[in-house]
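Work through the exercises below with the sequence and the structure in view. Each task is followed by a solution in steps.

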Amino acid sequence: MATVSIVILNFNGRHFLEKFLPGVIQFSPGHEIVVADNHSSDDSISFLKATFPEVRILEFDKNLGFCQGYNMALQQVTSDFFVILNSDIEVIEGWLEPILGMLKSDLKIAAVQPKLLDYHNRDRFEYAGGAGGFIDKYGYPFCRGRLFESIETDYGQYDDIREVFWATGACFVIRAELFRKYHGFDADFFAHMEEIDLCWRMKKDGYKVMYCGKSAVYHVGGGTLPHSNPKKTYLNFRNSLLVLIKNLPFPEQVVKVPFRLMIDYVAVLKFIVDGKWKDAGMILKAHWYISTHIMHFIRKRNAGSIGFKKITGVFDGFLLFHYHLAGVRKFTDLRF
């Protein structure tokens, strides 16, 4: 029997653990449940020890961030499959079995995500993962069920099984051997888009990343870092460029990275006009980081990188154009 470990990274999330961990325990019988604590200053640890003695606790002596926190935690886990689960997710009965069935049925499937729905609006998709992640030819990520800020209502239109470009790190089930082989998440990302980078690295070698519409979970979203926090702007703009620098073949980089930088400056102007000076500054800070660390990430480039045209889950168009100028608001209106 293949073994499974459900690993939840916690940082000052005692309220989420109290609310959602009982459901994880109830609806995941027979699987190891691990909470890795990123040096919380609340009473998360004492609460876990007193309330959930069956849960394995890993304690770190500092906040390692999402990427390194999971990397360090999963070095101490020996199961065949890792379930990376955000602390602010509600699971329901039968949530895991369809995903594990897919992984067991095909050794080329590296990772799977379920349908991600909004905890507060339960018939709507959730921003962080929707019904599977895709990317456009300039590296802008999006989801079925969510194009930028436009969120679709779930009426069963994505209750399928489909190969995608990336699976959300909010609920990410991966073969342990592959997580180790690819050295997990890139710790330089700290948080945000690390799952896109990892999925791209695996897809480069012919592995598949899948979406399972037969499983669903409910995500609060923004539990650790709210969408309005300028630090999220910094991480999103910085890491989006890092994904391209690390994984695109050089000829494509020459065209697409400068284009992305140009579009970023349009975003800077938009933030200034809207009075969001901190967000504008965070984009400039992200560019400064890229310029001062460019050689570090060039050295980390993956051998044998392949372009978008050879990978499933890429939209061969410019999503910003289709969204803002053509008025496309639904994934089904994009032509793949």
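Two strands count as paired if DSSP finds at least two bridges between them. The model used here is a predicted one.

**Exercise 1. Strand 1 and its partners**

Task: Find which strands pair with strand 1, and in which sense.

Solution.
Step 1. Strand 1 covers residues 4-10, and strand 4 covers residues 81-86. The two are joined by 6 bridges and pair in the parallel sense.
Step 2. A point of register on this side is V4, which stands opposite F81 in strand 4.
Step 3. Strand 2, residues 32-37, also runs parallel to strand 1, again with 6 bridges. Here I6 stands opposite I33 of strand 2.
Step 4. To get from strand 1 to strand 2, the chain passes through helix 1 (residues 14-26), and this β-α-β crossover is right-handed.

**Exercise 2. The two faces of strand 1**

Task: Sort the residues of strand 1 by the way they point, and decide whether they are buried or exposed.

Solution.
Step 1. In a regular strand, side chains alternate between the two faces of the sheet.
Step 2. One way point V4, I6, I8 and N10; the other way point S5, V7 and L9.
Step 3. Residues on both sides are buried, which gives 7 of 7 buried residues for strand 1.

**Exercise 3. Helix 3**

Task: Explain why helix 3 is described as largely enclosed, and state what covers it.

Solution.
Step 1. Helix 3 spans residues 65-74, and 8 of its 10 residues are buried, so the rest of the structure largely encloses it.
Step 2. The buried residues are G65, F66, C67, G69, Y70, N71, A73 and L74.
Step 3. Their cover includes strands 1, 2, 3 and 4, together with helix 5 (176-181) and helix 6 (194-204).

**Exercise 4. A glycine in a loop**

Task: Locate G132 and list the residues that it touches beyond its sequence neighbours.

Solution.
Step 1. G132 sits in the loop between strand 6 (109-118) and strand 7 (133-136).
Step 2. Buried means under 20% relative accessible area. G132 has 0%, so G132 is buried.
Step 3. Leaving out residues up to four places away in sequence, G132 touches Q113, F142, C143, R144, V164, W166 and Y211.

**Exercise 5. Salt bridges**

Task: Describe the salt bridges K246-D186 and D197-R201, and find the network that includes these residues.

Solution.
Step 1. Side chains of opposite charge can pair when their charged atoms come close. The whole structure has 18 salt bridges.
Step 2. In one of them, the side chains of K246 and D186 meet at 2.8 Å, N to O. This pair links distant parts of the chain, since K246 belongs to helix 7 and D186 to the loop between helix 5 and helix 6, 60 residues apart. Both residues are buried.
Step 3. D197 and R201 form a salt bridge at 3.1 Å, N to O. Both lie in helix 6, 4 residues apart, about one turn of the helix.
Step 4. D197 has 0% relative accessibility and so counts as buried. R201, with a relative accessible area of 7%, is buried as well.
Step 5. The network of salt bridges links D186, D188, D197, R201, K246 and K300.
Step 6. Another salt bridge joins K204 and D205 at 2.9 Å, N to O. Because its relative accessible area is 36%, D205 is partly exposed.

**Exercise 6. Cores and the whole chain**

Task: Describe the nonpolar cores, and then check the radius of gyration against that of a compact globule.

Solution.
Step 1. The largest nonpolar core has 88 residues, and F165 and M202 have the most contacts inside it. Helix 7 (residues 230-247) gives the most to this core, with 8 residues.
Step 2. A second, separate core has 32 residues, among them L48, F52, L100 and V112.
Step 3. The chain contains 10 helices and 14 strands, and 57% of its 336 residues count as buried.
Step 4. A compact globule of 336 residues would have a radius of gyration near 20 Å; the chain has 19 Å, so the two agree.
Step 5. Along the principal axes, the C-alpha atoms fill a box of roughly 55 × 40 × 40 Å.

Notes. Residues are numbered from 1 along each chain as its sequence is written. This is a predicted model: local features need pLDDT of at least 70, side-chain atom pairs count only at pLDDT 80 or more; totals for chains, interfaces and linings use all residues. Side-chain values use heavy atoms; hydrogens and water are left out. Buried means under 20% relative accessible area, exposed over 50%, partly exposed in between (1.4 Å probe, protein chains only). A crossover is right-handed if, with the strands pointing away from the viewer, the path from the first strand over the helix to the second runs clockwise. Contact means heavy atoms within 4.5 Å. A nonpolar core is a set of buried Ala, Val, Leu, Ile, Met, Phe, Trp, Tyr and Cys residues joined through side-chain atoms within 4.5 Å. A salt bridge is a side-chain nitrogen of Lys or Arg within 4 Å of a carboxyl oxygen of Asp or Glu. The radius of gyration is taken over C-alpha atoms; the globule rule is 2.2 Å times the number of residues to the power 0.38.
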